[in-house]
Amino acid sequence: MSSMLVLAIVAAIGVVAFFIGRQRAVAQDNGSVKPHSRAHYHGWWAFLLAVLPALLLLAVWNIGSSVYLERHIHAALPERTADSAVASEALDVSLVKSLARGLRQLDANTQLPASFAELQPLLAAKGVALATDTQDYMIPIAVEANAVQDRLGLIGAVVTLVLSIAGAFYALRQVAPRARARNNVERLMLWGLLAASTIAILTTVGIVLSMLFQTIQFFDSVSPASFFFGTVWDPRFAAAGSGGSQGQFGLIPLLSGTLYIAFVALLVAVPVGLMSAVYMAEYASPKVRSVVKPALELLAGIPTIVYGIFAVVTLGPFLRDLSAVLTGGSPFIQGQSIFTAGLVMGVMLIPVVSSLSDDIITAVPRAMRDGSLGLGATRSETIKRVILPAALPGIVGAILLTASRAIGETMIVVLAAGVAANLTANPFEAMTTITVKIVNQLTGDLEFNSPQTLVAFALGITLFALTLVMNIVALYIVRKYREQYE
Amino acid sequence: MTDIPLDTMVRAAAPARRDIGLKARYAAERRFRIYGVLAISVGLAFLAIMLITIVSKGYTAFWQTTVTLPINFDEKIIDPSNKRATDPDVLIKANYPKLADKALMAKLGIDPSNKPMALKLKGFLSEGARVQLRDIVVADPSVIGTTRNVDILAAANLDSAFKGQIDLNVEEARRKVSDQQIAWMNQLKADGTMAEHFNKGLFTYGASSRPETSGMGVAIIGSFYMMVIVLLLALPIGVAASIYLEEFAKKNRFTDLIEVNINNLAAVPSIVFGLLGLAVFINFLGMPRSAAFVGGLVLTLMTLPTIIIATRAALAAVPPSIRSAALGLGASKMQMVFQHILPLAAPGILTGTIIGLARALGETAPLLLIGMVAFVADYPKTPFDPATALPVQIYMWANEAERAFVERMSGAIIILLVFLMAMNITAIVLRRRFERRW
Amino acid sequence: MNIMTEQSLENAVGDKMNAKSNEVIKMRGDKVGVFYGEKQALFDVNLDVRLNQVTALIGPSGCGKSTFLRCLNRMNDTIDSARVTGKITLDQEDIYDKSIDVVELRARVGMVFQKPNPFPKSIYENVAYGPRIHGLAKRKADMDQIVESSLKKAAIWNEVKDRLHEPGTGLSGGQQQRLCIARAIAVSPEVILMDEPCSALDPIATARVEELIDELRQNYTIVIVTHSMQQAARVSQRTAMFHLGYLVEEGATDKMFTNPDDKRTQDYITGRFG
């Protein structure tokens, strides 16, 4: 029985239980006792008891049976020898599994041939394509595996349905005027809400664990020291899998490129964003504000890929040609350069800086402004000498958050910064970043367990750690800052 | 005594006016203001330049040049040995381009036996003509033997030439359209055979190696699937989490931890979510690569913090008096939240959700890692089939060298921006309209 | 103090009751009206502020007394929707005239606010702020001198002299308010406006500030908004009663509190409304 069908039946049982429960509650209300809960809470309680335990069981059962099946196949496979036809045990198992899936497409009463050569056309006719190194000995194992799977599925389905019906009966027997159905339902809801809010933690744990796992695997073949302190990035894609020469995975060139570009971006974004925020908060008339603010929000709503394309299609060539005209010959700005990428990223960050600092500047109490203006300070003196110093911690936090955005930004640098991992101080040359290399290493056909792809996770966890520290420090500073003026 | 007339009033000696450097200070004031105006102008000017260059490069993508030809579905070419009744493959394998070429030669008055001339015609019509004519015949074999007018796409280079985008002053060998083709083009243009039409294909075609037959159909469907998944998952989970944190959670280390996590996740680089998706959903849980479902899950995790932060702000803005009123009438806390607080916070939640969705729609980096940079020609029937997304499609076109792809890319950016602007403006309007001061 | 003349000195020491007819008018409001947007908050107020006297503005909350006060150094300019009509003079010059610079005006007419609002800087920097922006001290020694004398005049020197470089926000409420007064004095204004300076303070701190106000009268002209009639009686020589945006009655403080002319003033000082 398929899981979908079981799900549908469980849902149906739940719905029936809901109506019966509600009906019973209504019928019992003869006016002599004031019911504790309204009738539909009894219905919901019955529904939840019919559905939730059953679904939980089904999920556990499915996971358990797939693990069991895998072991079963393992056990059934012939002992591995040096001249085994299939490269690895894992591949063996996965071939059997796809064969088993393929066999399900055949009509039930098809006579199975003993050799794969004869079987293949039958399967192909059903639109099932299988790897050619599927071996003859796998056919009976696959048939057996399917039988086991069917048996497990049936048992699981029956147990699930029994549990569902039992749950429904249990809930329905509880229906009584003074039964606290509402409290029961609400307690379950509260658990649901709590579960939803733990997803944030699970995500973080997922990020850390998944990347850590792959990174440890990566460090099996490349030493951490040569990754963190290496100055050469040369992963040698061509050599992947040949087992011969190892690539070199030095983080330093990527990290310097990342920081260099982020620095250029902040050089653009911080003064411009901060001044815009100051102007909007302190000088702009309401009319100007009502036009400019949404415009800046639109600037913030443009996806980064658009900035990246603008950099590579329009601005990069323009700057290159401009520099060629300036020197009267060869251009000193390359089409993809730190400067171009940083400039465009800086513009992308202007609204980020300005909206963060706007919040922070307007959080400075009005009394501060009045105090300064009342002493005869001009507006700019008030801003420069009172408001900005008062807002400084908040602004530092905002700049840190912006820097973390700059470091993690991907699409602009993928398009505009270049892919060559070199170490240079010249902002008009190309440099590459951590994010660019993550994308480079993981797009295209990959062999998952080679250092060439695993390095992306080592880069990712470096990036994550870097931004995590910046974010937490920034959020802490901003929070403290806000509390000061609350 | 209160009204001493000013003129009879005894005045104190006028205090000596101090020099408080007003001139220099006002100059500084003016400079400061100018910096502010400059800063805002820089931002807005950049926005304007960017939009103008993209629109000027991309608006032509919404028109496509076609050649209307009377195609004679000649049985001798399609099915010379008359076997189509027994072998349906005949209709698939037939030499359809020849039908189009014949019709074009007839139109231009070229003698088909004039080989050099006929050779120059190569690359005038799109390769897509084959599929176009094939589909007509397969759908209705009875057209064989008849003649009917069909709009056939011009090749990308001719399309560019027709739109005036190719510099004809460049010497012939160095451009992609020959003088003879230009002459034919002008001839066809004069009699109205060749004309620009609204480019429906941009919205319906899938991936193609030829610009004129490539479109965003697959990407639009992929993005649509992902938005639906994000909406269905992120909104309920986000709202549930916010309700718990804002209304039920006690302040303790666990809720502090959740809080720090949410704020941090809102600032984690999006590419990290891509790595998570690749490692957990694809590698560990064995979900299919390139599928919109996985993309939707990744974007959901990315969007959740945005929705949670907006929702919590909206919930916190509902005044305590409403809570007390509901509780005072004997409502349970759960009833209070779902019947009173949530409806009042709905506009704020909606605004946050729209902004979150808009961000997700424009997100590219994590989708690259889960394999959505794929050449997908067929529409994905379910969210589990390979698909691409709008921004990824743009990225893929950005990596193509041909001029016509840049045009399509810019057109696609315009469409993406229109979607995003519409969403953002909706959010801004919603916020303005429902902004409630308690 | 350069603004002192023998004449005014004589006035300052004069008895409250026997204000002489040659008292000097420092500021004068002539048919002053204030609008916030469409709403009018102040109507045709005619009021004189006399040199080296304390003028108290009293009245129930929302009566326009603070609004009038904020007109005297044009603090209302900082509110976008506010509009002032009529005429206000300082030494016979119209302060809303184009030729008058608002920065210079505020350097001459200082202000102390309802809630103590020290800047998040050190005590020293708080006091030095005004002189510094106006360029009043050429050398550090001059600045030290100004800070010290201002703090002394504000009667807080002894409490803070050992911690001048600690943040001003770390002081107690009463100390903060006296710091704000020192900050205002440091600019050497001619007039000091005080907007309910004691409303956020406890009774002991209030008493200190009241004493201070009385001492300051020797050198400065003071206008104080207060909610408390007792305070007005204690510190002021002249009192003006506001009600619903109108100036109801104005006169010598003693007369106002013993024998007011207007029924509303009578009601107010006997506590019928407020």
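## Chain C at a glance

Helices (H or I, at least four residues) and strands (E, at least two) are DSSP runs, numbered from the N terminus. With that in hand, let's look at chain C of this predicted model: its secondary structure comes to 11 helices and 10 strands. The radius of gyration of chain C is 18 Å, close to the 19 Å given by the globule rule for 274 residues, so chain C is as compact as a globular protein of that length.

Along the principal axes, the C-alpha atoms of chain C fill a box of roughly 55 × 40 × 40 Å. Of its 274 residues, 58% count as buried. If we take the contacts in chain C between residues at least 6 apart in sequence, 67% join residues at least 24 apart. About 11,000 Å² of chain C is exposed, and carbon and sulfur atoms supply 48% of that area.

## A sheet in chain B

Chain B offers an open sheet of 3 strands in the order S2-S1-S3, with antiparallel pairing. At its edges are strand S2 (147–153) and strand S3 (194–198), each pairing on one side only. On average, neighbouring strands of this sheet are turned by 40 degrees against each other, direction ignored.

Strand S1 (residues 63–72) of chain B pairs with S2(B) over 7 bridges in the antiparallel sense, and Thr68(B) stands opposite Asp151(B) in S2(B). Helix H4 (residues 96–108) of chain B packs on the sheet, where it touches S1 and S2 of chain B, and its direction makes about 90 degrees with that of S1(B). Helix H6 (residues 128–139) of chain B also lies across S1 and S2 of chain B, running at about 145 degrees to S2(B).

## Domains of chain A

Chain A is divided into domain 1 (3–179) and domain 2 (248–485). Taken over C-alpha atoms, the centres of these domains of chain A are separated by 50 Å.

How values were computed
Residues numbered from 1 in each chain as written. Chains lettered and ligands numbered in written order. Predicted model: local features only at pLDDT ≥ 70, side-chain atom pairs only at ≥ 80, totals over all residues. Heavy atoms only, no water. Domains from an automatic or database assignment. Pairing = 2+ DSSP bridges. Axes fitted to C-alpha atoms, helices over the stretch in contact; angles between N-to-C directions. Contact = heavy atoms within 4.5 Å. Rg over C-alpha atoms; globule rule 2.2 N^0.38 Å. Buried < 20%, exposed > 50% of the residue type's maximum accessible area, 1.4 Å probe, protein only. Areas by Shrake-Rupley, 256 points an atom, 1.4 Å probe, with all protein chains shown as cover.
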